[in-house]
Amino acid sequence: MSRHPGLNLAHADEKAHAEAEPLLFGFWVFLMSDLVLFALLFATYATMMGVTAGGPGPKQLFELGPAAIETAALLCSSLAYGMATLVMKYERGRVWLLFWLGAALLLGLVFLCFEIDDFVGMFAKGGGIGRSGQLSAFFALVGTHGLHVTFGCLWIVVMMIQVLVFGAERRDNKTERERLLADRVQTRILRLGLFWHFLDIVWIGIFSVVYLQGLTA
Amino acid sequence: MTLNDWLFGRLTVQAALPFYSAIATAAASIVVVGALAVVVLLTKFRLWRPLWSEWLTSLDHKRIGIMYVVLALVMLSRAVVEAVMMRAQQAVSYDSPGYLPADHFAQLFTTHGTIMIFFMAMPFLTGIINYAMPLQIGARDVSFPLLNSVSLGLTAAGAALMMISLCIGRFSTGGWSGYPPFTELAFSPDVGPDYWIWAVTLSSIGSTLTGINFAVTIYKERAPGMHLFRMPLFCWTALCTSILMIFAMPPLTVATALLALDRYAGAHFFTNGGGGDVMNYINLFWLFGHPEVYILILPAFGVYSEVFSTFSAKALYGYRSLVYATMAIAVLSFTVWLHHFFTMGQGANVNAVFGIATMLIGIPTGVKIYDWLLTMFRGRIRFAVPLLFALGFILMFAIGGMTGIILANPGIDYQVHNTVFLVAHFHNVLIPGLLFGMLAAVQYWFPKAFGFRLNEKWGRTVFVLWTAGFLFAFMPLYALGLLGLPRRTVEYFQGAYRPWTLIAAFGALLLLLGLFAVGAWLFVSVRQRDDNRVPAGDPWNGRTLEWSMSAPPPEYNFAVRPRVTGRDQFMRDKLGGMAYLRPDEYEDIEIPLGSAVGPLLGIAGILCGFGLTWHIWWMAAGGLLLSIGTVIARSFVRETTRIVPAGEVRLQHEAWLGRLAMERPASRDQEIAPSNRGLALADGS
Ligand code: HEM
Ligand SMILES: [Cu+2]
């Protein structure tokens, strides 16, 4: 039977490998369900496009600059997270792991700050959620993504603490118990990674469908 | 904002207490008295501690399954009583307002529908799958035992909101589908739709998580050799249902969340003005709603498959075709949602496409019916209670399926949509389909779960009352629908309807008796438990792995994990003299420790839902924080499992094997006699 939990456990520790498998597979399935949710929000946005009900439209409300910065921040954050995963895989030490996780967190927060600033600006221009169907759909879609990012940030914080408390290195740990806890931290960091990259993909969709489309159409 | 507003939101004494009708007051009192009685009894018999440590915090899939079923039975009782009240109203409301105010009647059909779907049917089938599926595939538990308990907590929280709404404030009057714009603030400014939104949202999140859990379990936890095509059919239906849950619950979550945004944030998704579009809601809702009916029926199909084969003493006929039919139904179920609104403005061609797609589902379903009939053909049939339910199902479900095909024709649908013809149709598939399946499952697996058989006579009484009650209550509705009686009608003025509504009321009375009979069935069986014990664990000469262990099974299910070489493994073992062997060695078994996370998240869900409903923001925020805090705290718990040492497993297993050696095997004719101690005479036929 082929197994793909994604980490370097297979040759090292068969049992840990087997335990990681349903966790990662289950998380993929969860992401699939979450993706359905986003797909429906996209579809709702698509049907509401242009329904401005006399209010301001994309051209008046969206700004490409901040949206581009948000995109860059989120993509870089994903890159930093990727680095964290590699550091974990090759066991380059706690400090580097925390450094890259911290970088990912920081960039995530940058994204959120710009997004919130964006939202505030839209409200100021009379583009609140209650102004029109299109704006309702906009805030539902982009807001849901933002909420996901917020929870992702919280999760990164928790994982950083867990790295400190439990460690994420298998090599140096002595007892089986400690090893188990480190394994747990590792698979959690892996799953958080899936989540974090997943949010990138959704954002790319938002950037193209909402911002680029709205500003060019 | 005054302190009072801050503390209580829009909760005031006038808004809260159910004094708008004497009947509502009485119903609320019953709930309160019932809850108090439970509290008193638990205290009196000092059951709080065992309830908490052995049940509520248990992560054992078998206990979680049983709790789901208990929840379903409690909610069933309320929903049946409400149904009978509605039928009684229509029996007396010819040219008269009847005994129920229109607003109360509207709450009744809303709560009845919502409860039956989300808090009776869903928990019921989730409970049965939880109990039986891991045993059937040879697993020690589901993949994510903690998540399982969380799902139960969230579902129970939704159910609790339903019960609270009976006592504090009022429920939605918008029907189980909650269509806007009626459920928007403009037309329903009170708390009703908010209760509905949060109860349903909690339940749908719980079901999404359940779906993920079951699907992963089936993919990853099967015993060695248990290939997918060796799984019992019930597991296949559980798999398809889980996949449907994963994909079909999110649309519901989105629909209710967007409706909530309309109501709470002034958004314009489904409002009449501001660019809202109700068709979006209706599409989202039925994108969930149609797959939902297959989520409901597929597990019942699975139960019937097990029942037909066990009580005919034959392998299931056409196993592969049954699997493919199940898959086909699951896929097709996503392509037909539009038949719920043929009359809402799309062109004739679109309607035709969806009408044809709908009719196509009749094909795989027909395949199944023939497979079941052929399973019985030349079998050694015993008319045990589960088989009676299964036979009743085949006969009556065929009628319900046929009227479904009739409704799938857009031309006809234009005539009868929104009449009680539709009500007759969906009850015709839900009662003999889903509910009979679940009752059959209870009778079938109860001895496994509790170690004694249920009383046969009362089981038959339940069957007769529900069958007769169903026929009397719902066949007249076909006629009434054709005569034009709209659904959800509180009062009518056509004398021609009268005889039919009276017959239907008589049927409802039988159904009420049927409900009492369910209570008596369980009660009498518990009292006579010593006459019906089946410690050996195999009362029906079963074919699949769950029958190969003691009844009730040990917490870790299998002393040694079974090796599977083909379909109906346990029957193979019995025929080949390979059952009940003493394994050479045992190993340590790791099982999950109990956890309070599930109940805590349930409480958080209630706080959130109640706070949001009544605009008590501190409570809602508190609930949210509680849930986040609980999850984070749990992630720091170091010890989450415990080891059952191999020696202990050996002791328990050998004790049971020793007991087996003392039991006399029972033949099929003795199946319902006290001499059936759960050891079956292995004669294969
Ligand atoms: C005990 C037997 C039952 C009786 C006597 C009964 C009776 C009724 C009645 C009188 C209505 C209202 C019909 C109308 O709109 O005029 C109704 C609606 C409904 N019932 Fe039942 N029912 C029963 C069982 C069930 C079951 C087992 C389910 C589902 C699993 C179910 C699901 C529904 C739904 C979804 C509605 C629609 C509610 C709405 O209009 O929004 N019922 N039922
Ligand atoms: Cu449908």
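**Interface between chains A and B and the surroundings of ligand 1**

About 3,000 Å² is buried between chain B and chain A, and 72% of this area lies on carbon and sulfur atoms. In chain B, the residues that lose the most area to chain A are B:Lys220, B:Phe636 and B:Arg638, which together account for 19% of what that side buries. The model is predicted. The contact draws 36 residues from chain B and 39 residues from chain A.

Two kinds of polar interaction were examined across this interface. There are 2 salt bridges between chain B and chain A. B:Lys220, listed above for its loss of area, forms a salt bridge with A:Glu21, in which the closest N and O atoms are 3.1 Å apart. In addition, 13 residue pairs are in polar contact across the interface. On the side of chain B that touches chain A, at least two residues each are supplied by α8 (192-220), α9 (233-265), α10 (278-312) and α21 (617-635) of chain B. Of these residues, α9(B) provides the largest share, with 8 residues. The class composition of this side is 20 nonpolar, 10 polar and 6 charged residues.

Ligand 1 is surrounded by 23 residues, of which B:His112, B:Trp176, B:His427, B:Arg487 and B:Arg488 are the closest. A nitrogen atom of ligand 1 lies 2.8 Å from a polar side-chain atom of B:His112, and a polar side-chain atom of B:His427 is 2.7 Å from a nitrogen atom of the ligand. For B:Arg488, an N or O atom of the side chain is 2.8 Å from an oxygen atom of ligand 1. Two or more residues of the shell come from each of α5 (61-92), α6 (102-136), α16 (420-450) and α17 (456-483) of chain B. The shell comprises 16 nonpolar, 4 polar and 3 charged residues.

Note on methods
Residues are numbered from 1 along each chain as its sequence is written. Chains are lettered from A and ligands numbered from 1 in the order in which they are written. This is a predicted model: local features need pLDDT of at least 70, side-chain atom pairs count only at pLDDT 80 or more; totals for chains, interfaces and linings use all residues. Side-chain values use heavy atoms; hydrogens and water are left out. Contact means heavy atoms within 4.5 Å. Buried area is the accessible area (1.4 Å probe) that two parts lose on being put together, summed over both. A salt bridge is a side-chain nitrogen of Lys or Arg within 4 Å of a carboxyl oxygen of Asp or Glu. A polar contact is a pair of N or O atoms within 3.5 Å; within protein, one must be able to donate a hydrogen and the other to accept it, and residues adjacent in sequence count only if both atoms are side-chain atoms. Helices (H or I, at least four residues) and strands (E, at least two) are DSSP runs, numbered from the N terminus. Ala, Val, Leu, Ile, Met, Phe, Trp, Tyr, Cys and Pro count as nonpolar, Asp, Glu, Lys and Arg as charged, and the others, Gly among them, as polar. A residue is near a molecule or strand if one of its heavy atoms lies within 4 Å of it.
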